[in-house]
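I opened my notebook to work through this one piece by piece. Here is what I looked up.

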Amino acid sequence: MKGVFTDLVLKTLDDEPGVFEVTNDFTYEGSSFVRVPAGTKTDLASIPFFMRSIMSRTGRSRKPAVVHDHLYASKWQTRKVCDQLFQEMLRARGYSRFQAAIFYSGVRVGGWTRGRW
């Protein structure tokens, strides 16, 4: 299944370096429909320093990362279900199975730092 994203508009926040605010309602429709409301804050992707040379916070993963941040913040489903949808969204943005699996592994390993539910 090919997922579809609407346009995403972000603004930087002067008082919160590294944090962005979604300025428009933004959606993803694939195996699930998710709406990220305007005003949602995101750090895009929390990529460890040593991985930043091969992965970008602002590349094709930007839209899936914003939806994923929203899913975690809203406790939409279990972490595992949110992470599986993240992997699906990466595939929809053109990442190979291998590349999406690397991102997926990262959120499975590090996602617990965003809280438990």
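Which residue in S3 does Leu 10 stand opposite? I checked, and the partner is Val 22. I'm noting here that this is a predicted model.

**Entry 1: the sheet with Leu 10**

I traced the strands around that pair. S2 pairs with S3 (residues 20-22) in the antiparallel sense, and I found three bridges between them. The sheet is open and has three strands in the order S2-S3-S6, paired antiparallel. S2 (10-12) and S6 (41-42) sit at the edges with a single partner strand each, so one side of each has no neighbour in the sheet. A reminder to myself: strands of a sheet pair through backbone hydrogen bonds, either parallel or antiparallel.

**Entry 2: the other sheet I looked up**

Next I went to S1, S4 and S5. They form an open sheet of three strands in the order S1-S4-S5, again with antiparallel pairing. Its edge strands are S1 (4-5) and S5 (33-36), each pairing on one side only. I looked at how S4 (residues 26-29) is joined to S5: there are four bridges, and the two run antiparallel. For a cross-strand pair here, I noted Thr 27 opposite Arg 35 in S5.

**Entry 3: helices across that sheet**

What lies across S1, S4 and S5? Helix H1 (residues 62-74) does, running at about 85° to S5. Helix H2 (residues 79-92) lies across S1, S4 and S5 as well, at about 90° to S4.

I then followed H2 along its length. It has 14 residues and reaches 20 Å from its first C-alpha to its last, close to the 20 Å expected at 1.5 Å a residue. I looked for buried residues in H2 and wrote down several, including Cys 82, Leu 85, Phe 86, Met 89 and Leu 90. Charged names turn up in that buried list too, among them Arg 79, Asp 83 and Glu 88. Just after H2, I stopped at Gly 94, which takes a positive phi of about 100°.

**Entry 4: Thr 42**

Last, I went back to strand S6 for Thr 42. Is Thr 42 buried or exposed? It counts as buried, because its relative accessible area is 3% and the cut-off is under 20%.

I listed what Thr 42 touches, leaving out residues up to four places away in sequence: Leu 10, Gly 18, Val 19, Phe 20, Ala 65, Val 66 and Asp 69. So Leu 10, where I began, is on the list. With Asp 69, the side chain of Thr 42 also makes a polar contact of 2.5 Å.

Notes:
Residues are numbered from 1 along each chain as its sequence is written. This is a predicted model: local features need pLDDT of at least 70, side-chain atom pairs count only at pLDDT 80 or more; totals for chains, interfaces and linings use all residues. Side-chain values use heavy atoms; hydrogens and water are left out. Two strands pair if DSSP finds at least two bridges between them. Contact means heavy atoms within 4.5 Å. Axes are lines fitted to C-alpha atoms, for helices over the stretch in contact, and angles run from 0 to 180 degrees between N-to-C directions. Buried means under 20% relative accessible area, exposed over 50%, partly exposed in between (1.4 Å probe, protein chains only). A polar contact is a pair of N or O atoms within 3.5 Å; within protein, one must be able to donate a hydrogen and the other to accept it, and residues adjacent in sequence count only if both atoms are side-chain atoms. The expected span of a helix is 1.5 Å times one less than its number of residues.
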